[in-house]
Amino acid sequence: MGITLQELADRVGARLVGDPKKLLSGVGTLTHATTTQITFLSNPRYRKHLEGTGAGAVILTESDLSYCPVDALVSSDPYLTYARVAAFFVPDTRDNDGIHSSAVIGAGANVDPTATVGPHAVIGANVTVGAGAIIGPGCVVQRDVVIGAQTRLVANVMVYYGCRIGCRVLIHAGAVIGSDGFGFANDKGIWIKIAQLGRVIIGDDVEIGANTTIDRGAVEDTVIEDGVILDNLIQVAHNVRIGAHTAMAGCVGVAGSAVIGKHCAIGGGAGILGHLEIADGVTVTAMSLVTKSIRERGVYSSGTPLQPSDSWHKSAVRFKQLDEMARRLKQIEKELADLKKKG
Amino acid sequence: MGITLQELADRVGARLVGDPKKLLSGVGTLTHATTTQITFLSNPRYRKHLEGTGAGAVILTESDLSYCPVDALVSSDPYLTYARVAAFFVPDTRDNDGIHSSAVIGAGANVDPTATVGPHAVIGANVTVGAGAIIGPGCVVQRDVVIGAQTRLVANVMVYYGCRIGCRVLIHAGAVIGSDGFGFANDKGIWIKIAQLGRVIIGDDVEIGANTTIDRGAVEDTVIEDGVILDNLIQVAHNVRIGAHTAMAGCVGVAGSAVIGKHCAIGGGAGILGHLEIADGVTVTAMSLVTKSIRERGVYSSGTPLQPSDSWHKSAVRFKQLDEMARRLKQIEKELADLKKKG
Amino acid sequence: MGITLQELADRVGARLVGDPKKLLSGVGTLTHATTTQITFLSNPRYRKHLEGTGAGAVILTESDLSYCPVDALVSSDPYLTYARVAAFFVPDTRDNDGIHSSAVIGAGANVDPTATVGPHAVIGANVTVGAGAIIGPGCVVQRDVVIGAQTRLVANVMVYYGCRIGCRVLIHAGAVIGSDGFGFANDKGIWIKIAQLGRVIIGDDVEIGANTTIDRGAVEDTVIEDGVILDNLIQVAHNVRIGAHTAMAGCVGVAGSAVIGKHCAIGGGAGILGHLEIADGVTVTAMSLVTKSIRERGVYSSGTPLQPSDSWHKSAVRFKQLDEMARRLKQIEKELADLKKKG
């Protein structure tokens with residue numbers, strides 16, 4: 001129920017200053033951590049809290065070390081080192097080893113002996129589950145899916161037939177992978193469904209948030225490249241491609257066939273229309289709507305600032321008159337020029 | 001594991017030009033399809049890809065036929081014919097026939113012998129499940145629900161008590177039908193719940209996307225009419241009515257008691273406030289907010305265009321000054337008129 | 001299958017005018033209720049419908065009583081009395097008493113004998129389930145969670161390890177409590193996960209909508225105070241605090257470490273950026289984006305009004321020119337002043 005400071009230092013490659021046998025059982029903040037918790041100092045603004053910390057140990061840089069009243073792990077990047085340290089304190093939440101007796105496994109499914117399948121999970125025919133993978137309680141994986149090694153579907157995750165999920169992927173509760181894209185032909189006002197026969201292909205080291213949905217391609221595949229991180233309640237439509245190491249905050253919606261570059265950052269609630277391209281390294285701020293392709297890296301926004309509703313209402317009314325205002329402005333400039341000429 | 005071109009032609013009513021015995025096992029795009037795949041050409045822009053196609057067959061119009069180097073199905077509406085063809089290639093993803101041994105069926109429930117109830121599904125008391133319906137793994141259907149013939153709840157779908165779902169409805173994973181509307185009385189700052197005693201009534205031939213939520217009515221019902229198509233992560237509040245054959249893209253939110261017409265198209269992430277009406281045939285563009293009733297068919301928008309954040313910020317600051325700018329403009333016009341009079 | 005008017009009057013503390021033995025089995029609207037249904041009149045606008053009502057009884061104020069053609073319950077706040085009356089008509093939708101045979105209960109879990117655990121629910125090790133609590137079908141509760149008395153998780157709800165949920169909380173289907181916050185360090189372009197080791201702490205008398213997600217804290221906890229009501233498809237990020245009796249409509253997104261006051265009302269689809277504070281009693285209108293702390297109670301908005309797309313497009317183009325327009329306006333004012341001086 002704990003780990004020694006020495007063991008932590010060794011595992012994350014940090015220099016230990018203090019008691020190697022100190023037992024740590026969790027993490028805390030600089031201001032609230034107790035003697036069995038480890039914390040970190042990465043932002044210089046918080047150095048003032050170092051002096052009074054009650055933590056068992058602090059991860060910090062060489063230059064902050066002399067101010068530290070307790071044991072320390074010294075690192076050139078304390079936040080990164082904290083990331084590696086914190087991973088040791090995640091409890092094992094699996095309900096069983098191997099395949100739970102209540103799980104249903106389809107014909108021809110190949111579950112690695114080191115994988116875990118939780119209670120009431122349903123694994124379809126010919127599914128492959130890799131080494132060390134965890135299919136949590138209530139997850140439903142339809143036929144012909146491939147799930148890579150060390151990948152975890154936390155609980156009540158649904159993966160539709162034929163999708164492929166890479167290694168070390170973490171998919172949170174309620175996420176849906178491979179649901180039908182929103183594709184319909186219109187026959188005199190009546191929507192005729194287009195069967196969605198592509199797949200979702202997810203790379204390695206991807207994280208997908210709770211209740212996020214990723215639709216399968218119509219003919220070809222929807223693709224989430226390696227290292228992408230998606231927050232909760234995101235909608236990714238059919239045939240979208242999200243480039244490697246791109247991050248999307250909660251509630252983003254991406255319409256069909258959009259192609260998003262690598263290392264992009266899409267703010268919460270932003271929308272991206274279909275059939276457009278976004279270059280590598282683009283940032284879109286929260287709740288902005290991307291209506292055209294973005295060819296240059298940079299930061300992009302839309303929307304208007306928050307105001308007290310009374311004054312907002314006045315601005316909003318004027319927004320509708322903007323074109324007329326612009327024309328009147330031009331007319332005034334003309335008349336003024338005439339007057340000056342005369343004068 | 002395949003279907004002949006003749007059989008496809010017969011089933012969808014298209015004219016076959018080529019080898020009637022050719023075996024097809026899937027679909028592809030004009031540029032990537034292989035010899036066992038069928039594709040289609042409906043947009044004239046893509047005719048240039050016809051010459052080089054490696055597809056086993058192409059669905060196209062009479063006028064494109066002479067350019068086709070491979071077998072063909074000729075149709076006056078190739079996209080519609082493709083819709084019908086593609087439906088043959090959807091694999092059977094059911095885990096069992098009939099009622100799975102792990103499913104829990106309540107007293108008085110009436111499951112048609114031709115229906116399928118998947119592993120770990122829970123069917124409440126007095127539920128009716130129609131002919132050929134499929135209740136997928138992990139679905140929960142509370143008491144007194146009626147589910148029509150050929151309707152499918154894919155997996156982990158939840159339907160609350162008393163709701164009625166029509167025939168040939170497809171409800172994707174994680175969707176929630178009939179959860180309580182957001183109705184509360186306020187008693188000196190404390191919210192007092194109003195029991196939501198209406199139902200959700202869903203017509204025939206409706207499709208509902210993954211993780212979409214539709215709340216039950218407060219007293220009367222929330223109604224989704226025939227042929228409506230809803231994408232993923234949509235929220236439909238209590239007492240809403242959505243007219244027949246209306247389409248909503250992902251992440252739309254519809255507030256309580258809104259009444260939306262038939263054949264409308266609501267763009268992704270759009271919002272519709274409560275207690276208003278939208279006429280038939282209205283289109284609302286992505287991420288627009290409808291704050292008043294719309295009486296005339298047409299296309300409606302709100303929002304501002306995407307800009308690099310630096311220049312957006314300047315516009316945003318000025319947006320707050322709009323009313324003052326309009327007043328100054330008026331003052332200038334007055335002074336200019338005075339000057340001209342004097343002049 | 002019914003309750004007498006006398007019993008209802010006694011239970012909610014209203015004065016009965018009419019037949020105490022009248023049997024009521026449900027609710028209806030003033031215009032559509034039938035003789036076995038009870039309805040209410042709280043908005044004076046609807047008094048005109050009182051005369052023609054076919055309801056079995058009407059809840060109304062003393063001053064409306066003389067207009068009532070049927071039995072009545074008299075109350076100083078008819079809507080509040082209706083709230084209490086309606087609660088009697090919610091059917092029992094539990095599939096079983098006690099712990100269903102298909103539920104999986106972890107080692108050391110402590111389920112109160114008066115609690116219900118539904119089919120296929122999974123309760124982790126050392127979980128506590130309070131008196132009268134209902135864990136519905138398909139719910140997954142990871143280890144070390146505490147669930148208070150009379151709390152209900154409707155179905156397919158997921159609660160991650162260590163979270164604490166108060167008493168009389170109602171969590172709708174598909175909601176996810178305690179999923180990992182979206183916390184990553186960036187190591188030369190690669191996202192490195194920060195284990196999220198805080199919890200979600202939910203107070204008493206909270207309601208959480210279908211498919212809503214609430215992330216666990218990174219180090220400390222995400223907190224939802226007493227009496228908060230959250231609609232469907234809301235995303236609450238890590239370390240957020242939502243003050244008591246605050247209401248949020250559907251599709252709201254709250255970014256990490258935002259602190260929201262008590263008695264706030266956040267409109268549907270609104271966004272709240274991270275690390276900011278919102279005072280008590282603040283209202284934010286639908287689809288507004290809060291980008292800075294709000295220190296004063298009041299009503300706040302952002303966005304632009306809906307227009308026909310043609311005219312909207314003209315306004316949108318001018319929005320990009322706003323700063324230039326403002327500069328030209330200033331220049332004109334200067335020139336005009338010069339002209340007048342000369343004149």
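What is the mean pLDDT of chain A, and what percentage of its residues reach 70 or more? In this predicted model, the mean pLDDT of chain A is 97, and 99% of the residues of chain A reach 70 or more. The model as a whole scores ipTM 0.97 and pTM 0.97.

Chain A is divided into three parts, namely domain 1, which covers residues 3–89, domain 2, which covers residues 104–300, and domain 3, which covers residues 314–342. Between domain 1 of chain A and domain 2 of chain A, the C-alpha centres are separated by 36 Å.

The relation between chain A and chain C was then examined by superposition. A turn of 120°, with a shift of 0.0 Å along the axis, lays chain A on chain C with an RMSD of 0.1 Å. The two copies are therefore related as by a three-fold rotation axis.

The contact between these chains involves 65 residues of chain A and 67 residues of chain C. On the side of chain A that touches chain C, the elements that give two or more residues are strand E4 (26–27), helix H3 (78–86), strand E39 (307–308), helix H4 (309–320) and helix H5 (322–342) of chain A. Of these, H5(A) provides the largest share, with nine residues. When the residues on this side of chain A are sorted by class, 33 are nonpolar, 25 are polar and seven are charged.

Strand pairing also links the two chains. In general, strands of a sheet pair through backbone hydrogen bonds, in either a parallel or an antiparallel arrangement. Across the boundary between the chains, E39(A) pairs with strand E38 (residues 298–301) of chain C in the antiparallel sense, over two bridges. Within this pairing, A:Gln307 stands opposite C:Ser301, a residue of E38(C).

Parallel pairing is found within chain C, where nine strands form an open sheet in the order E9-E12-E15-E18-E23-E26-E29-E32-E35. The edges of this sheet are strand E9 (110–111) and strand E35 (277–278) of chain C, each of which pairs on one side only. Inside the order given above, strand E18 (residues 164–165) of chain C runs parallel to strand E23 (residues 200–202) of chain C, and two bridges join these strands. In that pair, C:Arg164 stands opposite C:Ile201, which belongs to E23(C).

Terms used
Residues are numbered from 1 along each chain as its sequence is written. Chains are lettered from A and ligands numbered from 1 in the order in which they are written. This is a predicted model: local features need pLDDT of at least 70, side-chain atom pairs count only at pLDDT 80 or more; totals for chains, interfaces and linings use all residues. Domain bounds come from an automatic or database domain assignment. Copies are superposed by least squares on the C-alpha atoms of residues with pLDDT of at least 70 in both. Two residues are in contact if their C-beta atoms, placed from the backbone, lie within 7 Å. Helices (H or I, at least four residues) and strands (E, at least two) are DSSP runs, numbered from the N terminus. Ala, Val, Leu, Ile, Met, Phe, Trp, Tyr, Cys and Pro count as nonpolar, Asp, Glu, Lys and Arg as charged, and the others, Gly among them, as polar. Two strands pair if DSSP finds at least two bridges between them. pLDDT is the predictor's confidence in each residue, from 0 to 100.
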